[in-house]
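Colleague: Could you give me a close look at just one part here, namely chain B? Please take your time over it.

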Amino acid sequence: MGHIEFLYPIVFGVAVGTALRVYMLKTDYRQYPSYLHGKVIHLALGFIAAGLGTIIVPALIKEEYTAITFLTLAASQFREVRNMERTTMQQVDSFELVGRGNTYIEGIAVAFEGRNYLVILTSFVTTAAYLFINILAAVIASIICFFICRALMSGNRMKDIVEISYIEPHFDGAGLYVDNIYIMNIGLPERQKEVLKYGMGFILKPKNFNAMITIANLGQRQAILYDVTVALGVYRDSGTPALVPLAKRDLEDGRLGIFVLPQVKEVEKAIKVISNVPILENAIRVPSKTLSQGKQEQ
Amino acid sequence: MGVSIDKAILAVITTNHKLVPAGTNVFHCGSQQEMFEITKNLEAILDGIAHALKDDLFIIVKH
């Protein structure tokens, strides 16, 4: 029982879905996944997701309503993807000179799961447009989906919530300070010299109360340190625990003092990197919303 | 999996003999230069951070 009329829409839907996954898989500043096998896994899963999304439409047209149960299978499958990514990254994290931190890892893992659902949705919409209207509508639908996915996949960045300024770190006795924010105690004069030579300090001034709570999150701070390390390198090795990038908070006004030890000491570049650090989903706090609703959260 | 001690003073290095309490590894040094040298080595060996409590009193702490 060949249904040749479904062939082109299915091929089209799967192709668009897979292409979307490829588009969303570009290796960016997160440096993940950067190796071929990791990519193959995600491309294969993207292909499966595209197939699932596509097949639903002809199945519904043929009144095979039970086909919808496939989607539950897909959901558990892609939740598995999230677990896989989380486990891998957590294991690898302990061998990084500056780790991502669990909050960042969770954010990336969620993104991987979410992207597969976007692929399913895109394939579904595209195939439906092809079958019910024509190929032109399908092309337009796929372009719209591309833009929607791009919008959904790019969250806010640090520059939206903080003002960043460069400040040379300094020592007061053995205490290392960025502006007036105490970072750590470094005893040895030799280490102090190294720290002053390679260290850079940044002050992140929150633009509002929400931002203040968000950047207080330890995971968010670790993400900033990690991204700076990835972009500019780090002056550090195992066995030199004193040379550690840190982010501390001014308890008075919620400003964040960032201390980093990049291999390349370029202020402009560093500010650009910090500006583009994503605000982690799990770090976002919007107390103003709760307060404006005028009721206690249950 | 090795056991490691966190947030504990692993060693005390000092030139001031009166300052140091018992119950931890104390390294008495003759001069400040000697103290810096020993601290530097211990920092690397113990994988801890050398903190200065006073000019003549250093501790190694693992974080």
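**Chain B, and the partner it touches**

Modeller: Before we get to chain B, a word on confidence: chain A has a mean pLDDT of 87, with 95% of its residues at 70 or more (pLDDT being the predictor's confidence in each residue, from 0 to 100). This is a predicted model, where local features need pLDDT of at least 70 and side-chain atom pairs count only at pLDDT 80 or more, while totals for chains, interfaces and linings use all residues. Residues are numbered from 1 along each chain as its sequence is written, and chains are lettered from A and ligands numbered from 1 in the order in which they are written.

Now chain B itself. You'll find one helix and four strands, arranged β-β-α-β-β from the N terminus on. Those elements are DSSP runs numbered from the N terminus: helices are H or I with at least four residues, strands E with at least two. Its C-alpha atoms fill a box of roughly 40 × 20 × 15 Å along the principal axes. The radius of gyration is 11 Å, which agrees with the value near 11 Å that a compact globule of 63 residues would have; that figure is taken over C-alpha atoms, and the globule rule is 2.2 Å times the number of residues to the power 0.38.

As for packing, buried residues make up 25% of the 63. A residue is buried if 20 or more other C-beta atoms lie within 10 Å of its own, exposed if 12 or fewer, and partly exposed in between, with C-beta atoms placed from the backbone. Of the contacts in chain B between residues at least 6 apart in sequence, 38% join residues at least 24 apart; contact means C-beta atoms, placed from the backbone, within 7 Å.

Then there's the meeting with chain A, which takes 13 residues from chain B and nine from chain A. On the chain B side, helix H1 (32–46) and strand S3 (49–54) are the elements giving two or more residues, and H1(B) gives the most, with five. By class, that side has six nonpolar, four polar and three charged residues. Here Ala, Val, Leu, Ile, Met, Phe, Trp, Tyr, Cys and Pro count as nonpolar, Asp, Glu, Lys and Arg as charged, and the others, Gly among them, as polar.

Conventions:
Contact = placed C-beta atoms within 7 Å.
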